[in-house]
Structure formats: structure tokens, C-alpha cells
Amino acid sequence: MVRKAKVEFDELPPDNFDPKNPYGDPVAMLEYREHLVREKWIQIETAKIIRERLRWCYRIEGINHHKKCRHLVDQYLESTRGVGWGKDARPPEFHEPKKVVDAE
């Protein structure tokens, strides 16, 4: 038995997964679910890194943090949109458009 030099992950969803019939191929469905979980973890960890940089910027810049750290605030807010385990786990292409309610 030979060990691999490094661990390799597939970064793309499985090719044979059909969103219209997800239970058609159970193996592809599980691989697709693992892919979604892996991508979600990457998004969460990216947001954590940006948050730590933002905290550091707030401490260092002091009173000028509103101007000097604005780019980090924008990055952090963008990285946390729709991220988290309490959010809908479906990819954006499966979401229905929001319905607009007219206030009369």
C-alpha cells in the first residue's frame, strides 16, 4: 500500500449530477452535497479571516478607522451575505425570485 504525497480534492461539482432529478444517481447527489458543504466552509473561513483583519485595522487606526478600514468593511459585508449554516443551503440558481408585495 502506497501513500499519496498530498491530498487532492475535487473543486468542481460532480459532472453527472442532474438538479432536475437529484435522486436519479444517489452517489452523484452525495458528492454534490459534499461539494456544497466544502464551498460553504470556505466561505465561512474567508469571512473569519476578513473579520480578523478588520479588528486589527480598527485597533491600529483608532479614530481614523472609518476612512482607513472602509475597504475591509465592504469586503466583510460582501463575504457574509448569505453565508452561514442557518441560511438556505441551496445554490443561488435554485432560489425563486422574491415576490414584491404592493402596499396599497
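A nonpolar core is a set of buried Ala, Val, Leu, Ile, Met, Phe, Trp, Tyr and Cys residues joined through side-chain atoms within 4.5 Å. Buried stands for under 20% relative accessible area, exposed for over 50%, and partly exposed for what lies in between (1.4 Å probe, protein chains only).

This is a predicted model, in which local features need pLDDT of at least 70, side-chain atom pairs count only at pLDDT 80 or more, and totals for chains, interfaces and linings use all residues. Residues are numbered from 1 along each chain as its sequence is written, and side-chain values use heavy atoms, with hydrogens and water left out.

**Exercise 1. Find which residues form the largest nonpolar core.**

Step 1. Start with the helices, which are DSSP runs (H or I, at least four residues; strands are E, at least two) numbered from the N terminus. The chain has three helices and zero strands, giving the pattern α-α-α along the sequence.

Step 2. Now list the core: L54, C57, C69, L72 and V73 are its five residues. At least two of them come from each of α1 and α3.

Step 3. Look at one member, C57. Leaving out residues up to four places away in sequence, C57 touches K68, C69 and L72, where contact means heavy atoms within 4.5 Å.

**Exercise 2. Describe the aromatic pair in the structure.**

Step 1. Rings of Phe, Tyr and Trp (its six-membered ring) pair if their centres lie within 6.5 Å; planes under 30 degrees apart count as stacked, over 60 as edge-to-face and the rest as tilted.

Step 2. There is one such pair. F17 and Y32 are stacked, at 4.2 Å centre to centre and 10° between the planes.

Step 3. Place the partners: F17 sits in the segment before α1 (26–61) and Y32 in helix α1, so that the pair links distant parts of the chain, 15 residues apart. Both F17 and Y32 are buried.

**Exercise 3. Work out why S79 counts as buried, then place its surroundings.**

Step 1. S79 belongs to helix α3 (residues 70–79). Its relative accessibility is 16%, and therefore S79 counts as buried.

Step 2. A polar atom of the S79 side chain lies 2.9 Å from the backbone oxygen of Y76.

Step 3. With neighbours within four places in sequence set aside, S79 is in contact with A47 and I50.

Step 4. For the wider setting, buried residues make up 17% of the 104 residues in the chain.

Terms used:
Polar contact = N/O pair within 3.5 Å; in protein donor to acceptor, adjacent residues only side chain to side chain.
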